[in-house]
Amino acid sequence: MQKSKPQTDRVGFGYMLQGGKPGSDTNPRAQGPQDEGVWQSDPRPPHIMVVVPDSKDLEGLPTDSGGAGPWVMWSGTPYAHIMIPLAGNGDL
C-alpha cells in the first residue's frame, strides 16, 4: 500500500484463514475491475501465502488462479508470491 519494494531475505509465510476480498491476480495496485490486469470478482478462499527472497525461484510455476492448486499471484512484480488455497469457494 505504500508502494515500496518489499525487502525479503528469507522464505516467509502469511495466511488469510477467513479468505479475502476480490482482487487482481496480476496487478498489485488494482483497486477494481476497471484497472489494468486480471480481476477476480469472487472472494478469495482461505489461503496461505509464501514469499521468497528471489522471485526468479517462482518462474515456471502456474500463474492462473482458476485451478485447485497453488499458483503465483502478481508474477513478474516485486510483490510476487505463492498462493496456496486451503478450500475452494464452494467449501466456504
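## A tour of the sheet and its surroundings

Start by selecting Tyr15, Leu17 and Leu86, which form a nonpolar patch on the surface, with about 360 Å² of accessible area together. The model on screen is a predicted one.

Keep Tyr15 selected and drop the other two. Is tyrosine 15 buried or exposed? Its relative accessibility is 61%, and a residue counts as exposed over 50%, so tyrosine 15 is classed as exposed. Tyrosine 15 is part of strand β1.

From there, widen the selection to the sheet that holds β1. Four strands make up this open sheet, in the order β1-β4-β6-β5, and their pairing is antiparallel. Look at the two edges, where β1 (12-16) and β5 (71-73) stand. Each of these has a single partner strand, so one side of each is left without a neighbour in the sheet. From one strand to the next, the twist averages 30°.

Next, select residues 47-51, strand β4, together with residues 81-85, strand β6. How many bridges join β4 to β6? There are four, and the two strands run antiparallel. Within this pair, pick out isoleucine 48, which has isoleucine 84 of β6 opposite.

Now leave the strands and go to glycine 66, found in the loop between β4 and β5. Glycine 66 counts as exposed because its relative accessibility is 64%.

For the last stop, add asparagine 27 to the selection and draw a distance between the C-alpha atoms of asparagine 27 and glycine 66. These two residues are 39 residues apart along the chain, and their C-alpha atoms are separated by 16 Å.

Methods:
Residues numbered from 1 in each chain as written. Predicted model: local features only at pLDDT ≥ 70, side-chain atom pairs only at ≥ 80, totals over all residues. Heavy atoms only, no water. Pairing = 2+ DSSP bridges. Axes fitted to C-alpha atoms, helices over the stretch in contact; angles between N-to-C directions. Patch = residues over 30% accessible without salt bridge, like charges linked within 9 Å, V, L, I, M, F, W, Y side chains within 5 Å. Areas by Shrake-Rupley, 256 points an atom, 1.4 Å probe, with all protein chains shown as cover. Salt bridge = Lys/Arg side-chain N within 4 Å of Asp/Glu carboxyl O. Buried < 20%, exposed > 50% of the residue type's maximum accessible area, 1.4 Å probe, protein only.
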